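Thanks, everyone, for making the time. I would like to walk through one model this morning, starting with how its helices pack and ending with a few single residues.

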Amino acid sequence: MDATVAVVHYPEGAGHATRMLAVARELEARGATVELAGGGPGERFVELLGYEEYVPTVVDFIGDYQGGGSLRDVLTGSVPDAVRRVRDVAQWLRRVDADCVVTDDMFASVAAVLARVPQYVCTHNTPGYYDDLAERVGAAVLTRQQVWASRRFFYPAVWPERDGDPRGVERVPPLALDVPLNAEETPDVDVLISPSTYSTALDDVADRLRDAGRDVTVVGGEDWTTVASMLPVLREASVVVCPGYSTVMEAAVAGTPCVVYPFTSEQRGVARFVERGGESGFAVAETPADAVAAVENPPDPPSFENGAPVVAERVADDLDYE
């Protein structure tokens, strides 16, 4: 594939960056020149893998709304930042002269339309996750825009097709960044807890498991050293406890039983889809006691292929066909 592909990740949480890095590496393996952009917590993983990325204006919708903010915070924070991010990414796409963009960033999707760059969307976000009316309407509008604007809309999931899935999408297996670690970088892990910014009750789960005699490793804890890829660590773990989507996808590819203990509205939506989907490998907890019980009696290991090569291959096929 002789093409320049812009890969833009959403700036909230590191998982967006690692999933898109997985796709970027697969595109490079097929001959593409990759240009990266995104910003946010995922920047450190971009740097760990030896990349440099363009950092447009960062939008913090979780901080402005899902994490306890308000519509006023959204109007004064996320909305103007979103406009700036669209402008920044559109200008950057023109500068790098991209043949196409692959993104999980809703703002990059709008920017690609303005810059007249063909786009591939790769995201799990769907209005079916949300009970809150404002979030549900917002997700519905954005999903329709992305389905309309994209050549393909890849929808990575670990649950069977459901009524809440967005229309017009292509289902693909879960995405995970798979980079080998050496023996010194890979910790011995029994129970792995992978928290997010808003999953404070997972500290209680860790304490209870330690009291019960389990060896607990907390990602980002005092003894934790950041690694370039979580997949090798997850493969070492006997079970993982996490609040939401990113680690659920990685656990699926790693084949590690996963206990989902959600906190934000999106995380509760993902947990609901996982629970109702009924695939092996996952349990959902609503309290610390539920999470501890699920760790002590974990589900069977999940079994999924990695969707990153699938996405890269479909993009490469399209570009080679032109």
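Let me begin with a convention for helix pairs: angles under 35 degrees count as roughly parallel, over 145 as roughly antiparallel, 65 to 115 as roughly perpendicular, and the rest as oblique. The axes behind those angles are lines fitted to C-alpha atoms, for helices over the stretch in contact, and the angles run from 0 to 180 degrees between N-to-C directions. Please keep in mind that this is a predicted model, in which local features need pLDDT of at least 70 and side-chain atom pairs count only at pLDDT 80 or more, whereas totals for chains, interfaces and linings use all residues. Residues are numbered from 1 along each chain as its sequence is written, and side-chain values use heavy atoms, with hydrogens and water left out. Helices (H or I, at least four residues) and strands (E, at least two) are DSSP runs, numbered from the N terminus.

The first pair to look at is α7, residues 202-211, and α11, residues 288-296, which pack at an angle of about 50 degrees with their axes 9 Å apart. The two helices α7 and α11 are therefore oblique to each other. Asp204, Val205, Arg208 and Leu209 of α7 make the contact (heavy atoms within 4.5 Å) with Pro288, Ala289, Ala291, Val292, Val295 and Glu296 of α11.

The second pair is α1, residues 14-29, with α12, residues 308-321, and here the angle is again about 50 degrees, while the axes lie 8 Å apart. By that angle, α1 and α12 are therefore oblique to each other. On the α1 side the contact is made by Ala22, Val23, Glu26 and Leu27, and on the α12 side by Ala308, Pro309, Val311, Ala312 and Val315.

Which residues have the most contacts inside the largest nonpolar core? A nonpolar core here is a set of buried Ala, Val, Leu, Ile, Met, Phe, Trp, Tyr and Cys residues joined through side-chain atoms within 4.5 Å, and buried means under 20% relative accessible area, exposed over 50%, and partly exposed in between, with a 1.4 Å probe and protein chains only. The largest such core has 35 residues, and Leu27 and Val315 are those with the most contacts inside it. At least two residues of this core come from each of β1 (4-8), α1, β2 (33-37), α2 (43-48), β4 (100-103), β5 (119-122) and α12. Setting aside residues up to four places away in sequence, Leu27 touches Met1, Val5, Val7, Ala32, Val34, Val102, Ala312 and Val315. There is also a second, separate core of 34 residues, which includes Val158, Leu181, Leu234 and Val253.

Let me finish with residues in loops. Asn125 sits in the loop between β5 and α6 (133-149), and at 18% relative accessibility Asn125 counts as buried. Apart from its neighbours within four places in sequence, Asn125 is in contact with Tyr130, Ala139 and Thr143.

Two other loop residues, neither of them glycine, have positive phi values: Asp97, near 55 degrees, and Arg116, near 60 degrees. Asp97 lies between α4 (71-96) and β4 and counts as exposed at 58% relative accessibility. Arg116 is in the loop between α5 (106-115) and β5, and Arg116 is exposed too, with a relative accessible area of 77%.
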